[in-house]
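Me: Could you take a close look at the loops for me, and then place what you find there in the setting of the whole model? I would like one connected account, with the reasoning spelled out where a residue is called buried or exposed.

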Amino acid sequence: MSKPWWQDKLVYQIYPKSFCDANGDGVGDLAGVLSKLDYLKQLGVDLVWLSPIYRSPFVDQGYDVADYYAIDPAFGSMEQFDQLLAETRRRGMGVVMDLVVNHCSDQHVWFQKALADPTGPYADYFYFRPGKEGGPPSNYRAYFGGSAWEPVPGTDLYYLHSFAKQQPDLNWYNPALREEIFRMVNWWLDKGLAGFRVDAIINIQKQLDFPDYPADGPDGLASIWRMVQDAEGIEAFLGELRDRCFAPHDAFTVGEVFNLKDGQLRQFVGEHGLFSTIFDFAPHMLASGPNGWQTPEEFKFAAWRGAVFAGQAACPADGLLGTIIENHDEPRGSCRFLPAHAQNDAGAKMLGTASLLLRGIPFLYQGQELGMRNCPMDSIEEYDDLETHARYDAALLEGKTPAEALALCQATSRDNARTPMQWNGGPGAGFTTGRPWMRLNPDYPTRNAAAQQTDENSVLRYYQRLIALRKSGEWGEVFSEGSFAPVWDTHPSLFAYRRAFAGRAVLVAANFGAQPVEQPLETPARLLLESTGSPAPLAAALAKGQLALAPCQAAVLAEETLQG
Ligand code: ISL
């Protein structure tokens, strides 16, 4: 089996609205992205994934696409996009776009034509269904709250939307719709795109009789997820997408899928997989308590380690998972996957070490390399994200007080990760010369790329060294191709694993506890990287065959005598 070209690549996610604003209108743009390519190259990024930049009314920040063939003017022009392709290629990098095809915007011409002729051919690009007993066709709650069915004006029909009502679901069971999608995907790949991150894709399979489910909330509705979970047949759609588009272009693809069924992982990744990789969200799912996001769980080290290691164990030998700490939908990892005492820069470096050297394709989200943190807003009005507002309303309906509902939003809001990137300590954080579209995290005067670039002990400089090690000529293959094995996996505070390849092995160990740890080593080991900037005590212990880690210290050790 030959190694795929993306096996050793590292992906960096840009949230374009919040990355860099070149024209001073307060919104990030493509010219801003172009101006930061050298920063990304220096960090060690191979592939740049852009959250949606297509023409959109931005009800869901571009995840509501009105024209799949156009760049939204807020971001720039197609010429600038082509320039981005050329400039990334010149630097040995590639561009990955977001592919949002479970739904489009209600402003898309397909939907406009469907509304104009609700029994015509474009209606069948969507799910138009007659109502039932004076109400919607079924009792589904959309992911962003409220009924998942919206009346089609002037008819007794409803259309289905899994997300916001401005995001009508596309009917993948219609071959004409699938042809439109394949044509569009190939158009972008023909341009020279490296691949796609495929949005919310598990939702394209439906039960076409749309059965009711028992209500699961005070609104009397049942999550639409129940219907999707019981639906079948996604493999056929995704197989066609792979064979008609991805495979002929040798594209890199990452699927956003949640709650795979037993045995499905094998079909989704690997040599004949439906995608190059899929995100491993198991650690993120731990934050949902018995009542989902309404009962957020505190970080529990052993459960988190167990979830990460289970993902590594479940992944087939010829496949890779996308390892990810944070993205535009999740709170910041530095406030989430660390115990309270470690929620600082030392913890961010430790978490980065623990995550980036796992087996898989590492994904970084903008600002993660600075240790950027959640940004709790002072009132619900300050939140932009529609899901946050839906959660606030749902929490009030559940009987929570406004203060309790706001606290829930502060802990779980997607806007935690959407505040503008912090480039320097000047006005607008170097993100914009104008007024930023979303409030800056107030820590930007001290936490920013410019300050961190000149501080050898910063999170940024550490991430640069960590990524350089992952990609180094000497150790790169161990990280990109090596096996994974847990080490000391019942220890109360050590997160440790061995990566091995072709007779060479690396031990990665991190101390998540508040106390120092000491552990005898099985084999002599040489220090490749440590996270605190104070290697002396660890080096002294290593000389005696011991691993000694201070709280929040991570280390990467070469164990050259072990067989891979
Ligand atoms: O399907 C889900 C749960 O099983 C949802 O969590 C869903 O997969 C997730 O919210 C999808 O997110 C993506 O699509 C959304 C968009 O708002 C997000 O930003 C995007 O990442 C709708 O396009």
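Reply: Helices and strands here are DSSP runs numbered from the N terminus, a helix having at least four residues and a strand at least two. The model is a predicted one, and its secondary structure comes to 17 helices and 24 strands.

With that numbering in hand, S531 can be placed in the loop that runs between β22 (526-530) and α17 (536-543). Its relative accessible area is 4%, and S531 is therefore buried, since that word is used for values under 20%. The side chain of S531 reaches the backbone nitrogen of A554 at a distance of 2.9 Å, and A554 is also among the residues that S531 touches once those up to four places away in sequence are set aside, the others being K349, Y462, C552 and Q553.

A second loop, the one between β10 (195-198) and β11 (222-223), holds D216, and F210 lies in this loop between β10 and β11 as well. The two residues fall into separate classes of accessibility: F210 is buried at 4% relative accessibility, whereas D216 is partly exposed because its relative accessible area is 41%, a value in between the limits of 20% and 50%. The backbone of F210 deserves a note of its own, as its phi is near 45 degrees, a positive value in a residue other than glycine.

For D216, the side chain makes a polar contact of 2.7 Å with the side chain of R141. Not counting residues up to four places away in sequence, D216 touches L221, A222 and S223 in addition to R141. To give a sense of its place along the chain, D216 and Q366 are 150 residues apart, and their C-alpha atoms are separated by 36 Å.

A positive phi also turns up in a third loop, the one between β19 (494-501) and β20 (504-511), where A502 has its place. Phi of A502 is near 50 degrees, and this residue too is something other than glycine. Unlike the buried F210, A502 counts as exposed, because its relative accessibility is 64% and the cut-off for that class is over 50%.

Two residues from regular elements may serve for comparison with the loops. F268 sits in helix α8 (residues 264-268) and counts as buried because its relative accessibility is 0%. Leaving aside its neighbours within four places in sequence, F268 is in contact with I202, I234, L238, V257, L260, G273, L274, F275 and I278. F268 and L321 are 53 residues apart in sequence, with 9.9 Å between their C-alpha atoms in space. S288, in strand β14 (residues 288-289), is partly exposed, because its relative accessibility is 40%. With residues up to four places away in sequence left out, S288 touches W293, T295 and E297, while from S288 to L440, 152 residues apart in sequence, the C-alpha atoms are 27 Å apart in space.

The model also holds a ligand, which 17 residues surround, the closest being D60, H103, D199, H328 and D329. A polar side-chain atom of H103 lies 2.8 Å from an oxygen atom of the ligand, an N or O atom in the side chain of D199 is 2.9 Å from a ligand oxygen, and for the side chain of E256 the corresponding distance is 3.2 Å. On its own the ligand has 510 Å² of accessible area, of which the protein covers 90%. The shell around the ligand divides into seven nonpolar, three polar and seven charged residues.

As for the whole, buried residues make up 59% of the 564 in the protein. The radius of gyration is 24 Å, which agrees with the value near 24 Å that a compact globule of 564 residues would have, and the C-alpha atoms fill a box of roughly 80 × 55 × 50 Å along the principal axes. Of the contacts between residues at least 6 apart in sequence, 71% join residues at least 24 apart. The accessible surface comes to about 20,800 Å², and carbon and sulfur atoms account for 53% of it.

Conventions. Residues are numbered from 1 along each chain as its sequence is written. This is a predicted model: local features need pLDDT of at least 70, side-chain atom pairs count only at pLDDT 80 or more; totals for chains, interfaces and linings use all residues. Side-chain values use heavy atoms; hydrogens and water are left out. A residue is near a molecule or strand if one of its heavy atoms lies within 4 Å of it. A polar contact is a pair of N or O atoms within 3.5 Å; within protein, one must be able to donate a hydrogen and the other to accept it, and residues adjacent in sequence count only if both atoms are side-chain atoms. Accessible areas come from the Shrake-Rupley method with a 1.4 Å probe; for residues, only the protein chains shown count as cover. Ala, Val, Leu, Ile, Met, Phe, Trp, Tyr, Cys and Pro count as nonpolar, Asp, Glu, Lys and Arg as charged, and the others, Gly among them, as polar. The radius of gyration is taken over C-alpha atoms; the globule rule is 2.2 Å times the number of residues to the power 0.38. Buried means under 20% relative accessible area, exposed over 50%, partly exposed in between (1.4 Å probe, protein chains only). Contact means heavy atoms within 4.5 Å.
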